[in-house]
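Q: Please take a close look at one part of this predicted model. I would like to follow the pairing, piece by piece, and then see what surrounds it.

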Amino acid sequence: MTLNNIMQYIESEYSIINNTHCKYCNGMFITEEILVEVLNTGALDVFHCTCENCGAEKTFKFNAPFIGVPSQYKLN
Ligand SMILES: [Zn+2]
């Protein structure tokens, strides 16, 4: 993956978060923290978000194919 691919990937993750509304008040989520979780099966991008309206917390997890994924799990 090129840096450009990575940027597009992260943008698509943000667009998913931006299109997800709080189940309590229908507010928007703000990303507080981004972590990378490394598992045996690959890496995950973990976004810790809070609702800007009521403060409800939500964690989004996405596959992070560009971060240290064992070669057997690469898609292409
Ligand atoms: Zn809310």
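A: Start with Ile30: its bridge partner in β2 is Thr50. This is a predicted model, in which local features need pLDDT of at least 70, side-chain atom pairs count only at pLDDT 80 or more, and totals for chains, interfaces and linings use all residues. Residues are numbered from 1 along each chain as its sequence is written.

Ile30 belongs to strand β1, which covers residues 29-39. Helices (H or I, at least four residues) and strands (E, at least two) are DSSP runs, numbered from the N terminus. Strand β2 covers residues 42-51 and pairs with β1 in the antiparallel sense, over ten bridges. Two strands count as paired if DSSP finds at least two bridges between them. Another β1 residue, Val36, has Asp45 of β2 as its bridge partner. Two residues link β1 to β2 in a hairpin.

Now move across to β3, residues 57-63. It runs antiparallel to β2, and seven bridges join the two. Three of the matches can be traced by name. Leu44 has Asn63 as its bridge partner in β3. Val46 stands opposite Lys61. His48 faces Thr59. β2 and β3 also form a hairpin, this one with five residues between the strands. In that turn, Gly55 has a positive phi of about 80°.

Put together, the three strands make an open sheet in the order β1-β2-β3, with antiparallel pairing. β1 and β3 stand at the edges, each with a single partner strand, so one side of each has no neighbour in the sheet. Neighbouring strands are turned by 20° against each other on average, direction ignored. Such axes are lines fitted to C-alpha atoms, for helices over the stretch in contact; angles run from 0 to 180 degrees between N-to-C directions.

Next, the helix. α1 packs on the sheet and touches β1, β2 and β3. Contact here means C-beta atoms, placed from the backbone, within 7 Å. The direction of α1 makes about 35° with that of β2. α1 has 16 residues and reaches 22 Å from its first C-alpha to its last, close to the 22 Å expected. That expectation is 1.5 Å times one less than the number of residues.

How buried is all this? A residue is buried if 20 or more other C-beta atoms lie within 10 Å of its own, exposed if 12 or fewer, and partly exposed in between. Of the eleven residues of β1, one is buried, so the strand lies largely in the open. In α1 the number buried is zero, so the helix also lies largely in the open. Over the chain of 76 residues, 5% are buried.

One more spot leads into the sheet. Asn26 sits in the loop between α1 (3-18) and β1. Its phi is near 70°, a positive value in a residue other than glycine. Most residues other than glycine have a negative phi. Asn26 is exposed, with 10 other C-beta atoms within 10 Å.

Along the sequence, the whole chain reads α-β-β-β.

Methods
Contact = placed C-beta atoms within 7 Å.
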